[in-house]
Amino acid sequence: MSLFNDIGRKVETLKQEVEKASDDEATHQCSECETRLYTDHDECPDCGSTAVLPLSD
Ligand SMILES: [Zn+2]
């Protein structure tokens, strides 16, 4: 049975697409710990650094 292999591959592809979409939506990034953020923060919620920079493309 290759059915389970097919389903597993589809789930894996879906996960990668979700992660890629998340990266695309990030607007800011902490330059200390590289956490990607989706709104502007004065301080990084992860490490507390104030070095949160807008992502430019
Ligand atoms: Zn940080």
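**Figure 1. Phenylalanine 4 and a nonpolar patch on the surface.** Phenylalanine 4 lies in helix α1, which covers residues 3-25; helices (H or I, at least four residues) and strands (E, at least two) are DSSP runs, numbered from the N terminus. This is a predicted model, in which local features need pLDDT of at least 70 and side-chain atom pairs count only at pLDDT 80 or more, while totals for chains, interfaces and linings use all residues. Residues are numbered from 1 along each chain as its sequence is written, and side-chain values use heavy atoms, with hydrogens and water left out. Phenylalanine 4 has a relative accessible area of 64% and is therefore exposed (buried means under 20% relative accessible area, exposed over 50%, partly exposed in between, with a 1.4 Å probe and protein chains only). Leu3, Phe4, Ile7 and Val11 make up a nonpolar patch with about 410 Å² of accessible area together. Patches consist of residues with over 30% relative accessible area and no salt bridge; like charges are joined within 9 Å, nonpolar side chains (Val, Leu, Ile, Met, Phe, Trp, Tyr) within 5 Å. Accessible areas come from the Shrake-Rupley method with a 1.4 Å probe, and for residues only the protein chains shown count as cover.

**Figure 2. A salt bridge in helix α1 between arginine 9 and aspartate 6**. The closest N and O atoms of the two residues are 3.5 Å apart; a salt bridge is a side-chain nitrogen of Lys or Arg within 4 Å of a carboxyl oxygen of Asp or Glu. By this rule the count comes to 1 salt bridge. Arginine 9 and aspartate 6 are separated by about one helical turn, because they are 3 residues apart in the helix. Arginine 9 is exposed at 53% relative accessibility, and aspartate 6 is partly exposed at 32%.

**Figure 3. The zinc ion and its four cysteines**. Cys30, Cys33, Cys44 and Cys47 coordinate the zinc ion through their SG atoms, at 2.3 to 2.4 Å. Donors are N, O and S atoms within 2.8 Å of the metal (3.2 Å for Na, K and Ca); water is not among the atoms, so sites may look incomplete. The 4 donor atoms subtend angles of 107 to 115 degrees, so the arrangement is tetrahedral (four donors count as tetrahedral if all angles lie between 85 and 135 degrees). Along the sequence, the donor residues follow the spacing C-x2-C-x10-C-x2-C. Cysteine 33, in the loop between β1 (28-30) and β2 (36-37), and cysteine 44, in the loop between β2 and β3 (52-54), are 11 residues apart and link distant parts of the chain. Cysteine 33 is partly exposed, with a relative accessible area of 31%, whereas cysteine 44 is buried at 4%.

**Figure 4. An open sheet of 3 strands**. The strands are ordered β2-β1-β3, and their pairing is antiparallel. Each of the edge strands, β2 and β3, pairs on one side only. Two strands pair if DSSP finds at least two bridges between them; β1 and β2 are joined by 2 bridges. Glutamine 29 stands opposite arginine 36 in β2. The C-alpha atom of arginine 36 is separated by 9.3 Å from that of glutamate 25, the two residues being 11 residues apart along the chain. Glutamate 25 belongs to helix α1 and is exposed, at 53% relative accessibility.

**Figure 5. The whole protein chain, with 1 helix and 3 strands**. From the N terminus on, the elements run α-β-β-β. Of the 57 residues, 12% count as buried.

Methods
Four donors count as tetrahedral if all angles lie between 85 and 135 degrees; four count as square planar and six as octahedral if opposite donors are over 155 degrees apart and all others between 65 and 115; anything else is irregular.
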